[in-house]
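Student: I would like to work through this model with you, beginning with how far it can be trusted and then moving on to its strands and rings.

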Amino acid sequence: MGSQKAQLTWLDRGGRKLGAVGDPQHLWAFFRLSPDGRKVAADVFDISTGNTDIWFYEVSTGAAERVTFEPGGEYQPVWSPDGTRLAFGSAQIRTPQLRMKSVTDHGAGESFPADGFQMPSDWTPDGRWIVYGEFGNAHAEIWAASVAQRQVMPLLQTQFDNMNPAISPTQDYLAFSTNETGRPEVYAQRLETGDSPKLSGERMQVSHEGGRIPRWSRDGKELFFLSPDDRIMATAVRPGAVFGPPTPLFRLPLSSPSMSPNSDLYDVSPDGQRFLVPIREAAGVPLQVVVNWQAEQAELKR
């Protein structure tokens, strides 16, 4: 059997390898670069204990620091815009619930009203709201949680899919994916925040041949997503949220592990020129096939 570990690897816009971050791990289900691009927050599965915890990795040195220590699993770390806090899903008793804490706090963090399966996906640039997904048996909802008041409110209910809601750097548009048409497509819709976030106006379709896992560039001039054949696509965004035709950049390496529906599989550097991707390095043991072994055993017994 080949190695099940994967290495976080930098790729340029042509898919060429540029370097690596940290040590190989058995599972990179979700990871995010810090706002300044100096650290990676990731939920990492420990095959020896069966637990998932959040770790930090220094991009320049690969130095690792464990962040969560609770007995249950912690998932999907999302940075606050100033890089001082994390939002994450914590499964201490039952399904993951939204929590938040300082990056220097090794405790359990602060909780929000719990209802359903809560997984954070993004944080508004003004720091006031955390956007998260809440999943049921036949649907998924996008909710917003107030950081200051610990209140939650729904933004969108849609067909079940890996929505990965992503907020534009200008905080006025929300990108997400949904399979309401029968296959996942990426859309963008006007986002009004203030004291009561809501979506308004026309829902604009960004992908046209399937798409998921949207990511904005830090300057808001591009929106990236993943195509059905695992290509990183780039869409130019002109003023007024005018989306150009998607352009393929490169296909994720075949050894990049497709894990769970909530896996992210890539993140984008602050300058939009590099992509962080987990790549499973094949380290298989040669398979030996023994033929006519019955005759060989009979000969040895003589």
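Student: Before we read any detail, over which residues does pLDDT stay under 50 with three contacts beyond four places in sequence?

Tutor: This is a predicted model, and confidence is the place to start. Where pLDDT is low, the predicted coordinates should not be read in detail. Helix α1 (residues 293-301) has the lowest mean pLDDT among the elements of the chain, at 37. The stretch you ask about, with its three contacts beyond four places in sequence and pLDDT under 50, is residues 284-302.

Student: For residues 257-262, how many contacts beyond four places in sequence does the model have?

Tutor: Over residues 257-262 pLDDT also stays under 50. Caution applies to the details here, because coordinates of low pLDDT should not be read closely. For residues 257-262, the number of contacts beyond four places in sequence is 17.

Student: Which element of the chain has the highest mean pLDDT?

Tutor: The chain averages a pLDDT of 85, and 85% of its residues score at least 70. The chain has one helix and 25 strands. Among these elements, the highest mean pLDDT is 97, and it belongs to strand β20 (residues 222-226).

Student: What percentage of the residues in the chain is buried?

Tutor: The exposed area of the chain is about 14300 Å², with carbon and sulfur atoms supplying 51% of it. Of the contacts with a separation of 6 or more, 40% come from residues 24 or more positions apart. Within the 302 residues of the chain, the buried share is 49%.

Student: Which strands stand at the edges of the open sheet that contains β1 and β25?

Tutor: That open sheet has four strands in the order β2-β1-β25-β24, with antiparallel pairing. Within it, five bridges join strand β1 (residues 6-12) to β2, and one residue of the pairing, W10, stands opposite G19 in β2. The strands that pair on one side only, and therefore stand at the edges by that description, are β2 (17-25) and β24 (267-268).

Student: The charged end of which residue sits over the ring of W10?

Tutor: W10 faces G19 of β2 in the strand pairing. Its ring also has a charged end over it, 3.9 Å from the ring centre. The residue that supplies this charged end is R274.

Student: And how far is R150 from the ring centre of F112?

Tutor: Here the ring in question is that of F112, and R150 lies over its face. The distance from the ring centre is 5.4 Å.

Student: Why does the pair of F250 and F275 tie together separate parts of the sequence?

Tutor: A search of the whole structure finds eight aromatic pairs, and one of them joins F250 and F275 edge-to-face, at 5.6 Å centre to centre with 75 degrees between the planes. F250 lies in strand β23 (residues 247-251) and F275 in strand β25 (residues 274-280), so the pair links parts of the chain whose separation in sequence is 25 residues.

Student: Are F250 and F275 buried or exposed, and which residues share a cluster with them?

Tutor: With the cut-off for burial set at under 20% relative accessible area, F250 counts as buried at 5%, and F275 is buried at 0%. Ring pairs link these two into a cluster whose other members are F224 and Y266.

Student: How many residues of strand β12 are buried?

Tutor: Strand β12 (residues 129-135) has W129, V131, G133 and F135 pointing one way and I130, Y132 and E134 pointing the other way, and all are buried. The strand pairs in the antiparallel sense with β11 (residues 117-123) over six bridges, and E134 is the bridge partner of Q118. The count of buried residues in β12 is seven of seven.

Student: Which residue in the turn of the hairpin formed by β3 and β4 has a positive phi?

Tutor: Strand β3 (residues 28-33) is mostly covered, with six of its six residues buried. Five bridges join β3 to β4 (residues 39-46) in an antiparallel run, and L33 has V40 as its bridge partner in β4. Five residues lie between the two strands, and the one in the turn with a positive phi, about 75 degrees, is G37.

Methods
Residues are numbered from 1 along each chain as its sequence is written. This is a predicted model: local features need pLDDT of at least 70, side-chain atom pairs count only at pLDDT 80 or more; totals for chains, interfaces and linings use all residues. Side-chain values use heavy atoms; hydrogens and water are left out. Rings of Phe, Tyr and Trp (its six-membered ring) pair if their centres lie within 6.5 Å; planes under 30 degrees apart count as stacked, over 60 as edge-to-face and the rest as tilted. Buried means under 20% relative accessible area, exposed over 50%, partly exposed in between (1.4 Å probe, protein chains only). A charge sits over a ring if NZ of Lys or CZ of Arg is within 6 Å of the ring centre and within 35 degrees of the ring normal. pLDDT is the predictor's confidence in each residue, from 0 to 100. Contact means heavy atoms within 4.5 Å. Accessible areas come from the Shrake-Rupley method with a 1.4 Å probe; for residues, only the protein chains shown count as cover.
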